[in-house]
Amino acid sequence: MKYPCLEVDLKKIEENTRFIVDKCNEKGIKAFVVSKVYCAYKEIAGASLKGGAYGIADSRIQNLEKVKEFDCPKLLLRIPMKSEVEDVVRLADISLNSEIETIILLDEEARKQGKVHKIILMIDLGDLREGVWFQSIDTIVEDILKLENIKLHGIGTNLTCYGGVMPDDENLGRLLEIKNEIEDKHNITLETVSGGNSSSLYKVLNDTMPEGINMLRIGEAIVLGRETAYGDLIEGMHEDAFVLKGEIVELKKKPSVPIGTIGMDAFGNKPTFEDRGEILRAIVAFGRQDVNPDGIEPLDENIDILGASSDHLLMDVTNSLKELRVGDILEFKVDYGALLNVSTSEYVNKVFK
Ligand SMILES: *Cc1c(COP(=O)(O)O)cnc(C)c1O
């Protein structure tokens, strides 16, 4: 085994997906699994498909390329770059859009590839990330409907990610009103109303999701077992499908406060230290190049992370449950940011069980 490694329990991913998919299906909602946080490793996305996910959604085209063999709908989450429309039409069945210039390019490319590309028009309901501002959607719909190789599959929104705006009856209700207005005005039916990400899930779980929202795009809840409006763990889900493991390369009794004049650390900060007397210190062989140490937590609650430089994680293991030796492996929980980091780091080995 090579360390550091990220160990992924595929059974837990499958079960987490099944949990979410069942709740969503009861309410007539299609659940796309969002694979970006784990860089769309096929093994993990495949486990979610086994768990019943309707399709795979990702913000990066390279990630959709990795999962192209799966026979399911693929959704591109990030507003497409003009420079990537060829790949978007080739690899995504549906993309989220907000710019008519790009949609026109997608139409031209779809014609070349002999396809009809589906788009979901993103509406900004106030969170101020992507989307057409909710008071000014009129002309863009008209322009989209003129395009022969683009199908307006529906409308959608993204909340909480930037502005922290919570999905509620008011903003999701507004999304549904906009859907009705578009349908009436242009005499069309919109198949999809995509009501957000893991932060919308609480409304499914407590049965307050407005009727008509029929798609969600779920990442964090499936991977870490928590909804993200309140940050609560979801009972019945696994929060530990991902475990980060690192190897101890040095283990020594030393003081807890450095000796000498304190200048700046490797990152230009002036460090401060809590005097714990003499402690048993472990160096684990990974560091900030792989993960922000603030986003990880040892599974053994009796040991503490003291800090990290690029390649070294420093720990106080004085009270470790286990008697430790050089070469032993320490295990850590990861939060969303840490999972993003370690998935992306080529130095972290990925292991599936
Ligand atoms: C990342 C992303 C999601 C998934 O968000 P989670 O909070 O991980 O569920 C959904 N939609 C869009 C547009 C995204 O960028």
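In the predicted model, the side chains of Asp 22 and Arg 18 meet in a salt bridge, with a nitrogen-to-oxygen distance of 4.0 Å. Both residues belong to helix 1, where Asp 22 and Arg 18 are four residues apart, or about one turn of the helix. The structure as a whole holds 27 salt bridges.

The domain assignment of the protein chain gives domain 1, covering residues 10-224, and domain 2, covering residues 242-352. The C-alpha centres of domain 1 and domain 2 are separated by 38 Å, and the contact between them involves 12 residues of domain 1 and 10 residues of domain 2. About 1,000 Å² is buried between domain 1 and domain 2, and carbon and sulfur atoms give 80% of this area. On the side of domain 1, Val 37, Tyr 41 and Leu 224 supply 48% of the area buried against domain 2, which is more than any other three residues supply.

With respect to charged and polar pairing, zero salt bridges are found across the interface of domain 1 and domain 2, and the count of residue pairs in polar contact between domain 1 and domain 2 is one, with both residues at pLDDT 80 or more. Helix 1 (10-26), helix 2 (42-50) and helix 9 (220-224) each supply at least two residues of the side of domain 1 that touches domain 2. Of the elements on this side of domain 1, helix 9 gives the most, contributing three residues. When the residues of domain 1 that touch domain 2 are sorted by class, nine are nonpolar, none is polar and three are charged.

The ligand has 14 residues around it, of which Lys 36, Ser 198, Arg 217, Gly 219 and Glu 220 come nearest. Both side-chain and backbone atoms of the protein take part in the short distances to the ligand that are described here. In the side chain of Ser 198, an N or O atom is 2.5 Å from an oxygen atom of the ligand, while in the side chain of Arg 217 an N or O atom is 2.9 Å from a nitrogen atom of the ligand. For Gly 219, by contrast, the atom concerned is a backbone N or O atom, which lies 2.8 Å from an oxygen atom of the ligand.

Two features of the backbone geometry were also noted. Most residues other than glycine have a negative phi, and most peptide bonds are trans. The peptide bond from Tyr 3 to Pro 4 is cis, with omega near 0°, and Pro 4 is placed in the segment before strand 1 (5-8). Ala 40, although it is not a glycine, has a positive phi of about 55°, and this residue is found in the loop between strand 2 (30-34) and helix 2.

Terms used. Residues are numbered from 1 along each chain as its sequence is written. This is a predicted model: local features need pLDDT of at least 70, side-chain atom pairs count only at pLDDT 80 or more; totals for chains, interfaces and linings use all residues. Side-chain values use heavy atoms; hydrogens and water are left out. Domain bounds come from an automatic or database domain assignment. Contact means heavy atoms within 4.5 Å. Buried area is the accessible area (1.4 Å probe) that two parts lose on being put together, summed over both. A polar contact is a pair of N or O atoms within 3.5 Å; within protein, one must be able to donate a hydrogen and the other to accept it, and residues adjacent in sequence count only if both atoms are side-chain atoms. Ala, Val, Leu, Ile, Met, Phe, Trp, Tyr, Cys and Pro count as nonpolar, Asp, Glu, Lys and Arg as charged, and the others, Gly among them, as polar. A residue is near a molecule or strand if one of its heavy atoms lies within 4 Å of it.
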